[in-house]
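User: I am new to this structure and would like a close look at a single part of its surface. Please take me through that part slowly and then place it within the whole.

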Amino acid sequence: MHHLIREALRGDDGMTTAEYALGTLAAAALATALYAVLSGDTVATMLKDLVQSAFSVGV
């Protein structure tokens, strides 16, 4: 009986190859999406406007 309880409570020791593959794929997809968003003109314009407004507040 104790053997069955120990087996039921024992978790996986690590990720399998398929889990590593899915994790790597998800990380690559997120990196690609972030690169696309951050390298676009919209973000650059917003950052430029933010910096300009920060320096022109006291003037």
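Analyst: What follows looks at one nonpolar surface patch and then at the chain around it. The model is a predicted one, and the patch in question is made by Leu30, Leu34, Val37 and Leu38, which together give a nonpolar area of about 400 Å². Among these residues, Leu30 is a useful place to begin, and Leu30 lies in helix H2, which covers residues 17–38. Is Leu30 buried or exposed? With a relative accessible area of 52%, Leu30 counts as exposed, because the cut-off for that word is over 50%.

The helix that holds Leu30 is also the part of the protein chain where confidence is highest, with a mean pLDDT of 92 for H2, whereas helix H1, at residues 2–9, has the lowest, with a mean of 70. Taken as a whole, the protein chain has a mean pLDDT of 83, and 81% of its residues reach 70 or more.

As for the setting, the protein chain contains three helices and zero strands, and along the sequence this reads as α-α-α. Of the 59 residues in the protein chain, 2% are buried, while the area that the chain exposes comes to about 5,600 Å², with carbon and sulfur atoms supplying 69% of it.

Methods:
Residues are numbered from 1 along each chain as its sequence is written. This is a predicted model: local features need pLDDT of at least 70, side-chain atom pairs count only at pLDDT 80 or more; totals for chains, interfaces and linings use all residues. Side-chain values use heavy atoms; hydrogens and water are left out. Patches are made of residues with over 30% relative accessible area and no salt bridge: like charges are joined within 9 Å, nonpolar side chains (Val, Leu, Ile, Met, Phe, Trp, Tyr) within 5 Å. Accessible areas come from the Shrake-Rupley method with a 1.4 Å probe; for residues, only the protein chains shown count as cover. A salt bridge is a side-chain nitrogen of Lys or Arg within 4 Å of a carboxyl oxygen of Asp or Glu. Helices (H or I, at least four residues) and strands (E, at least two) are DSSP runs, numbered from the N terminus. Buried means under 20% relative accessible area, exposed over 50%, partly exposed in between (1.4 Å probe, protein chains only). pLDDT is the predictor's confidence in each residue, from 0 to 100.
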